[in-house]
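Hi everyone, thanks for coming. I have one structure to walk you through today, so let me put it up on the screen.

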Amino acid sequence: MQSTVIAPSILSANFAKLGEEVDNVLRAGADWVHFDVMDNHYVPNLTIGPLVCEALRNHGVTAPIDVHLMVEPVDRIVPDFAKAGATMISFHPEASRHVHRTVQLIKSHGCQAGLVLNPATPVEALDYVLEELDMVLLMSVNPGFGGQAFIASALDKLRVVRERIDNSGRKIRLEIDGGVKPDNIAEIAAAGADTFVAGSAIFGQPDYADVVKRMKDAVAA
Ligand code: DX5
Ligand code: ZN
């Protein structure tokens, strides 16, 4: 199992002062920045693109930027995000015609590659491509919005994917995204996740350090 990573989703941050928000959450002990990209086509919401990623890098953010693409098509935006400073780029198989090719494209631009499974996407979407991945991202809400409730069936799915990753013998992160809170993170970790996205649970609170600590303590317990 890999080290625990807390990746706050800036979707729930105050966009009017994004640089400050990211500085604060990293200072509070967060490990990565989770960067949700929505196109009002693959998902019914519209957010931010490579310009904002680059702006965070220019602002001085050195932490890994975990780009979660909810866009269709995927391939033409990959080079722009690599250039803008993305560390890892994850995408949904439904949004790419050639999943294996998109994984190679991401890696050829020097980024780590992740595949995202929606709540109803079968684990078989990982067949023949798992060994090429740096990360599997399991959605525990339907993509498009922050602040939704954790879908309980994600726990069984985590256990299945954890086993597949362990059997592969490779260092592949297992990230969970949607409805993660201090009070459910322990059972999510027990089911096999090592990387935790949390948006509303962190940015909705006045003291980011307190929430991040409570999450890390719950995983470690
Ligand atoms: C949803 C996004 C999530 C979202 C998580 O499409 O991928 O990253 O911001 O938000 P919370 O933690 O509030 O469920
Ligand atoms: Zn996300």
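I'll talk about the ligand surroundings, then some annotated positions, and then one helix. Please keep in mind throughout that this is a predicted model.

Let's start with ligand 1. Which residues come nearest to ligand 1? Out of 22 residues around the ligand, those are Ser-9, Pro-143, Gly-146, Gly-199 and Ser-200. If you prefer to think in secondary structure, strand β2 (33-38), strand β8 (195-198) and helix α7 (200-203) each give at least two residues to that shell. As for its chemical character, the shell has 12 polar residues, 8 nonpolar ones and 2 charged ones.

Now to the annotation. The UniProt record, an unreviewed entry, puts the feature "binding site" at His-34, Asp-36, His-68 and Asp-177. Why can we say that these four gather at one spot? They span 144 residues in sequence, but no two of their C-alpha atoms are more than 10.6 Å apart, so in space they come together.

Let me take two of these in turn. His-34 is found in strand β2. His-34 counts as buried because 27 C-beta neighbours sit inside 10 Å, and the cut-off for that is 20 or more. Leaving aside residues up to four places away in sequence, His-34 touches Ala-7, Pro-8, Ser-9, Ile-10, Asp-66, His-68 and Val-197. You'll recognise Ser-9 from the residues that come nearest to ligand 1, and His-68 from the UniProt annotation.

Asp-177 lies in strand β7, residues 173-177. Asp-177 is buried too, with 26 C-beta neighbours inside 10 Å. With the same sequence neighbours left out, its contacts are His-68, Leu-137, Met-139, Ser-140 and Val-197. So notice His-68 and Val-197: they are touched by His-34 and they are touched by Asp-177 as well.

Last stop, helix α2, which covers residues 50-59. Its buried residues are Pro-50, Cys-53 and Leu-56. Looking down the axis of α2, these fall within an arc of 120°, so they line one face of the helix. The general rule behind such a pattern is that an α-helix has 3.6 residues a turn, so residues three or four places apart point the same way.

What do the buried residues of α2 pack against? Their partners are α1 (18-27), β2, β3 (65-70) and α3 (78-83). On the other side of α2, Leu-51, Asn-58 and His-59 are exposed. And just after the helix, Gly-60 takes a positive phi of about 115°.

That's my tour, and I'm happy to take questions.

Terms used:
Residues are numbered from 1 along each chain as its sequence is written. Chains are lettered from A and ligands numbered from 1 in the order in which they are written. This is a predicted model: local features need pLDDT of at least 70, side-chain atom pairs count only at pLDDT 80 or more; totals for chains, interfaces and linings use all residues. A residue is near a molecule or strand if its C-beta atom, placed from the backbone, lies within 6 Å of it. Helices (H or I, at least four residues) and strands (E, at least two) are DSSP runs, numbered from the N terminus. Ala, Val, Leu, Ile, Met, Phe, Trp, Tyr, Cys and Pro count as nonpolar, Asp, Glu, Lys and Arg as charged, and the others, Gly among them, as polar. UniProt positions are given in the numbering used here, feature names are shortened, and annotations may be inferred rather than shown by experiment. A residue is buried if 20 or more other C-beta atoms lie within 10 Å of its own, exposed if 12 or fewer, and partly exposed in between; C-beta atoms are placed from the backbone. Two residues are in contact if their C-beta atoms, placed from the backbone, lie within 7 Å. The arc is that of the directions from the helix axis to the C-beta atoms.
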